[in-house]
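Work through the exercises below with the model open. Each task is followed by a stepwise solution.

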Amino acid sequence: MTFEAIDAWWWPYLFILIGGALATDIWRFLGVFLAGGIAEDSDILVLVRCVATALVAAVIANLIVFPSGALADTPAALRVGAALSGFGAYLVLGRSVLLSIVVAEAVLLAGIFLL
Amino acid sequence: MTSERPAGPLPAPETDNLGNFRWFLRGAVAAISLPAFILACSFVGFAALALEAGVTMSQAVFMTAVVWALPSKVVLVGAIMAGNGLLAAAFAVALSAVRLTPMVVALVPEMRTPRTRLWVLYLLSHFVAVTSWVLALETIRNVPRARRTAYYGGLGSTLVFINMCVVTAVYLVARDLPPAASAALLLITPIYFLTSLWGSAREKAGNVAMALGLVLGPIVHLFAPGASLLATGAIAGLAAYGWHVWSRRTA
């Protein structure tokens, strides 16, 4: 049952509701339910955060290494270089998210126009 | 930022709806901030990604309203692109959204009073995502306790609304962009997460999990494209947790 499995206008919305909204809100509702019950530093939450962080990290890496659209037409080394420059700028220049985006974009665009 | 409330008149009774509306508006104003600007930039990137995946404008705007958390949406779009089925997509999204539970657990005690209705908290929890949560924890101490639910309602709903507009705007103009600009837009989302995910790690194990996930993600994708997210999350997450337990023993 993929996003395009059923050729009806409502199917993609149902897919988004179940695959996206329900799968996300269930954790928010669980948070309200549990509020006050779990300690922030309890070990099970550390494990949960580790798995969640690694999963999102995999998404990020795949977006850079196996991108889609116009980004796919740029060299992989340029994309990785732009991401590393942005992240390096973030670590070295005061942890600014905005600055890291500016640096990464500058490297990417310079690469596109100069290479 | 002042954390002391001036010793002024006592807060009005909770039945005072005008007061609640005023604090709702103050929450809405508090939403307009630098973190919100950065979030809007990353929604530009998300909209470009959704467009590339074949998601229509109304579907993307709908997704913004009902899912809201950006990691969930990026994972969902990733699953749509990979042609994953509904169950696999829901499972991957659910795994990426687990992080919302501890955030809600941390926020609710800040907003709750003995008279707060439970459904209000369930409704407001939908607005919890990294940016609204960070903004709320920074500013909510300056809000009278009885007004905090109204305030967070204003803050959260305004952020959602702004980004629904951002997604719409990107869909309207993106088709006419030159390839270099499209490429630049598509790079925003990974860079935003690369930095904000690193910065939001509560313990060192979070950074370890992130580094392992970044390296393992593409490698696992080469061997098992359909299961790469779940497999990487499990392997790298467990390894980082193992490191956490091990480093605490030896410390």
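A salt bridge here is a side-chain nitrogen of Lys or Arg within 4 Å of a carboxyl oxygen of Asp or Glu. Keep in mind that this is a predicted model.

**Exercise 1. Find the salt bridge between the chains**

Task: State how many salt bridges cross the interface of chain A and chain B, and name the side chains.

Solution:
- Step 1. Apply the rule across the interface of chain A and chain B; it finds 1 salt bridge.
- Step 2. Identify the partners: the side chains of D43(A) and R248(B).
- Step 3. Check the distance. N to O is 3.1 Å, and the cut-off is 4 Å. The pair D43(A) and R248(B) therefore qualifies, as its N to O distance is within 4 Å.
- Step 4. Add the polar contacts. Between chain A and chain B, 13 residue pairs are in polar contact, both residues being at pLDDT 80 or more.

**Exercise 2. Describe the side of chain A that touches chain B**

Task: Which helices of chain A each supply at least two residues of the side that touches chain B, and which gives the most?

Solution:
- Step 1. List the helices of chain A: α1 (11-34), α2 (43-65), α3 (76-92) and α4 (97-114) each supply at least two residues.
- Step 2. Pick out the top contributor. α2(A) gives the most, with 22 residues.
- Step 3. Sort this side of chain A by class: 53 residues are nonpolar, 12 polar and 7 charged.

**Exercise 3. Size the interface**

Task: Give the residues in contact on each chain and the area buried between chain A and chain B.

Solution:
- Step 1. Count by chain. Chain A brings 72 residues to the contact, and chain B brings 92 residues.
- Step 2. Read the area. About 7200 Å² is buried between chain A and chain B.
- Step 3. Split by atom type. Carbon and sulfur atoms give 77% of that buried area.

**Exercise 4. Map the largest pocket**

Task: What is the volume of the largest pocket, and which residues lie nearest its centre?

Solution:
- Step 1. Take the volume: about 610 Å³.
- Step 2. Go to the lining. It holds 28 residues; V130(B), V134(B), S196(B), G199(B) and S200(B) lie nearest the centre.
- Step 3. Assign helices. α2 and α4 of chain A each supply at least two lining residues, as do α2 (34-52), α6 (100-111), α8 (130-139) and α10 (179-200) of chain B.
- Step 4. Find the largest share: 6 residues, from α10(B).
- Step 5. Sort the lining by class: 14 nonpolar, 8 polar and 6 charged residues.

**Exercise 5. Outline chain B**

Task: How many helices and strands does chain B have, and what does its C-alpha trace span?

Solution:
- Step 1. Count the elements: 12 helices and 0 strands in chain B.
- Step 2. Take the spans. Along its principal axes, the C-alpha trace of chain B covers about 65 × 55 × 35 Å.

Methods
Residues are numbered from 1 along each chain as its sequence is written. Chains are lettered from A and ligands numbered from 1 in the order in which they are written. This is a predicted model: local features need pLDDT of at least 70, side-chain atom pairs count only at pLDDT 80 or more; totals for chains, interfaces and linings use all residues. Side-chain values use heavy atoms; hydrogens and water are left out. Contact means heavy atoms within 4.5 Å. Buried area is the accessible area (1.4 Å probe) that two parts lose on being put together, summed over both. A polar contact is a pair of N or O atoms within 3.5 Å; within protein, one must be able to donate a hydrogen and the other to accept it, and residues adjacent in sequence count only if both atoms are side-chain atoms. Helices (H or I, at least four residues) and strands (E, at least two) are DSSP runs, numbered from the N terminus. Ala, Val, Leu, Ile, Met, Phe, Trp, Tyr, Cys and Pro count as nonpolar, Asp, Glu, Lys and Arg as charged, and the others, Gly among them, as polar. On a 1 Å grid over the protein atoms alone, a cavity is a set of points where a 1.4 Å probe fits but cannot get out, and a pocket is an open set with protein on both sides within 12 Å along at least five of seven lines; lining residues have an atom within 4 Å of a point. Grid points are joined across faces, edges and corners, and a volume is the space filled by probe spheres set on the points.
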